[in-house]
Amino acid sequence: MASIRVKAKVKDGVAQVKCLMKHEMETGTRKDQKSGELVPAHYITEVTAELNGQVVMQANWGPAVSKNPYFAFSFKGANAGDTLVISWVDNKGEKASTETVLS
Amino acid sequence: MLTTRRLILKAALAGAALAALPRTLLAWPEAAFTSDSADKAMQELFGSTATTASDAITLTAPDIAENGAVVPVTVATSLEGVESIGIIVSENPSPLAASFDLTADAVPEVSTRIKMGKTSDVVAVVKANGKLYSTSKNVKVTIGGCGG
């Protein structure tokens, strides 16, 4: 499942990364409109960015991050051709990751 | 009795599985994310609530958010030696929205989109060289983002 879309650009050794993840990000406090029951919490807890296998940035999220989360960041020491892996884990233990080659 | 024992065993196994995962940075700070006040969240996340107001932190957020479910927030700072950045929405049921652990290579600027239940102060906390700095901004919310 292509659940992470990554756009990355390297300029003067600095990589600018923008990602969009597909996730419900349920808070656990919302009620189902039909049944009136609480919708169980389901949200991404950790997002990790690795450059050539080295972690450059880790995000810890709570349910207050919007549905289909957007995350932009940048880091130094990047070169064209480097491999950037973005991955997430949610509170149910589901995972996703995407590999991007920097250009 | 039996069920409890099985549950404990299950929990222990799950814990062991988690611990076996390669972890280079800190684990997800559950206590901080479940805290119901901004101060408690700060205490859990950074171990202190004492922050210095700093104009070296730029918190970009709208003055008025029409839709509380999607509020774009950017935190950037010119401080050196940034270790982590936290985004706290004081009036949310669980005020801590997100925190970011930065390595030396990371540029101290992050953008994301958060949910806000109602009008509140948004606080950006930056930990740099072991010290805490913060800046805040009031964001007015016209439609809450917690599904109410």
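Q: Which residue meets A:Glu26 in a salt bridge?
A: In this predicted model, the side chain of A:Glu26 forms a salt bridge with an N to O distance of 2.6 Å. A:Glu26 is buried, because its relative accessible area is 11% and the cut-off for buried is under 20%. The partner counts as partly exposed at 31% relative accessibility. That partner is A:Arg30.

Q: How many salt bridges are there over all chains?
A: The rule asks for a side-chain nitrogen of Lys or Arg within 4 Å of a carboxyl oxygen of Asp or Glu. The pair A:Glu26 and A:Arg30 is one of the bridges, at 2.6 Å. Over all chains the count is six.

Q: How many residues apart are B:Asp63 and B:Lys137?
A: The side chains of B:Asp63 and B:Lys137 meet in a salt bridge, N to O 3.1 Å. This pair links distant parts of the chain: B:Asp63 sits in the loop between strands E2 (57-60) and E3 (64-67) of chain B, and B:Lys137 in strand E9 of chain B. B:Asp63 is exposed at 55%, while B:Lys137 is partly exposed at 22%. In sequence, the separation is 74 residues.

Q: Which strands hold B:Glu83 and B:Lys127?
A: A salt bridge joins the side chains of B:Glu83 and B:Lys127, N to O 4.0 Å. The two residues lie in different strands of chain B, so the pair ties together parts 44 residues apart in sequence. B:Glu83 is partly exposed, at 33% relative accessible area, and B:Lys127 is partly exposed too, at 22%. The strands are E5 (residues 82-89) for B:Glu83 and E8 for B:Lys127.

Q: Which strand of chain A gives the most to the positive patch?
A: A surface patch of positive charge gathers A:Arg5, A:Lys7, A:Lys9, A:Lys11 and A:Lys18. A:Arg5 counts as exposed because its relative accessibility is 61%, and exposed means over 50%. The top contributor gives four residues to the patch; it is strand E1 (residues 4-11).

Q: Where in chain A does A:Asn52 lie?
A: A:Asn52 is not a glycine, yet its phi is positive, about 50°. A:Asn52 is partly exposed, with a relative accessible area of 45%. Its place is the loop between strand E3 (44-51) and strand E4 (54-61).

Q: Is B:Asn129 buried or exposed?
A: B:Asn129 is a residue other than glycine with a positive phi near 50°. It lies in the loop between strand E8 (120-128) and strand E9 (131-143) of chain B. Its relative accessible area is 61%, so B:Asn129 is exposed.

Note on methods: Residues numbered from 1 in each chain as written. Chains lettered and ligands numbered in written order. Predicted model: local features only at pLDDT ≥ 70, side-chain atom pairs only at ≥ 80, totals over all residues. Heavy atoms only, no water. Patch = residues over 30% accessible without salt bridge, like charges linked within 9 Å, V, L, I, M, F, W, Y side chains within 5 Å. Areas by Shrake-Rupley, 256 points an atom, 1.4 Å probe, with all protein chains shown as cover. Lys, Arg positive; Asp, Glu negative; His and termini not counted. Charge placed at Lys NZ, Arg CZ, Asp CG, Glu CD. Buried < 20%, exposed > 50% of the residue type's maximum accessible area, 1.4 Å probe, protein only.
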